[in-house]
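Student: I am new to this structure and should like to understand the terms used to describe it. May we look at it together?

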Amino acid sequence: MASIITNLRVVRARIAAAARAAGRDPASVSLLAVSKTWPASQVHAAFEAGQRAFGENYVQEGTEKVAALAELGLVWHFIGPVQSNKTRLVADAFDWVHSIDRLKIAERLSAQRDAARPPLQVCLQVNVSGEASKSGVAPDEAPALAHAVAALPRLCLRGLMCIPEPDGDQGTLRRRFALLRQLRERLVSEGLALDTLSMGMSHDLEAAIAEGATLVRVGTAIFGERQYP
Ligand SMILES: *Cc1c(COP(=O)(O)O)cnc(C)c1O
């Protein structure tokens with residue numbers, strides 16, 4: 001089995017190659033290591049290989065790792081669905097949330113974010129795949145949600161996130177990612193300072209970078225195949 005250090009090197013090289021192929025600066029794409037299902041020891045191994053930003057999907061698992069690794073000064077991103085009875089845990093433990101798709105959740109996160117800490121950095125999750133997906137705000141409802149979230153005091157709206165259907169072919173993926181890019185362009189033209197397009201995973205990060213991803217969320221290609229209990 002390849003080591004995390006080797007895998008990280010390969011993923012970083014893929015990101016750099018995809019950026020150059022798109023005429024972009026490789027430094028304009030950041031890497032979020034998705035550590036869901038993996039123990040804190042694996043996160044520590046990635047830390048030793050220079051990785052600082054980590055993504056988690058499950059509140060209890062994520063908050064345990066955040067606490068266990070607190071002294072490392074990592075940046076933690078919550079990328080899974082947020083239930084309203086878990087917003088306080090998320091607001092306390094995480095630096096970023098990528099999966100905002102309802103105003104009610106955003107309002108709770110803003111109200112519960114500790115005033116002594118920086119605002120929670122957030123992205124709206126947009127459903128770019130229509131019927132093929134259940135989570136995310138519909139693209140035509142995203143502008144109203146974005147303006148409402150941007151007005152919340154303890155959140156900082158940074159951008160948009162999407163998860164296209166996993167079985168999409170290259171053409172479909174490119175269109176899904178292009179939709180998110182165009183939506184960000186529209187919101188920027190409406191005065192929102194959005195600098196983040198969170199899109200692309202292990203199998204599709206090249207297509208996402210070609211369409212303007214600024215952050216790719218990669219799990220399997222770094223840590224290996226996940227085993228769910
Ligand atoms: C699990 C997950 C990822 C990482 O997926 P891989 O295919 O393992 O790279 C990225 N984003 C989200 C939202 C996820 O849930």
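Student: How many residues in the lining of the largest pocket are nonpolar, polar and charged by class?

Tutor: In this predicted model, the lining of the largest pocket has 11 nonpolar, 8 polar and 6 charged residues. Those nearest the pocket's centre are K36, N57, I163, M201 and R217. K36 and R217 are called charged because Lys and Arg count as charged, and the volume of the pocket is about 500 Å³.

Student: Why is helix α6 called oblique to helix α7?

Tutor: The axes of α6 (residues 142–150) and α7 (residues 170–189) cross at roughly 50° and come within 11 Å. Angles under 35 degrees count as roughly parallel, and 65 to 115 as roughly perpendicular. The crossing angle therefore makes α6 oblique to α7.

Student: Which residues make the contact, and what is its make-up by class?

Tutor: A142, P143, A146 and H147 of α6 meet L183, R186 and L187 of α7. By class, the contact has 5 nonpolar, 1 polar and 1 charged residues.

Technical notes
Residues numbered from 1 in each chain as written. Predicted model: local features only at pLDDT ≥ 70, side-chain atom pairs only at ≥ 80, totals over all residues. Heavy atoms only, no water. 1 Å grid on protein atoms, 1.4 Å probe; cavity = no way out; pocket = protein on both sides within 12 Å on 5 of 7 lines; lining within 4 Å. Points joined across faces, edges and corners; volume = space filled by probe spheres on them. Axes fitted to C-alpha atoms, helices over the stretch in contact; angles between N-to-C directions. Helix = DSSP H or I, 4+ residues; strand = E, 2+ residues; numbered from the N terminus. Parallel < 35°, antiparallel > 145°, perpendicular 65-115°, else oblique. Contact = heavy atoms within 4.5 Å.
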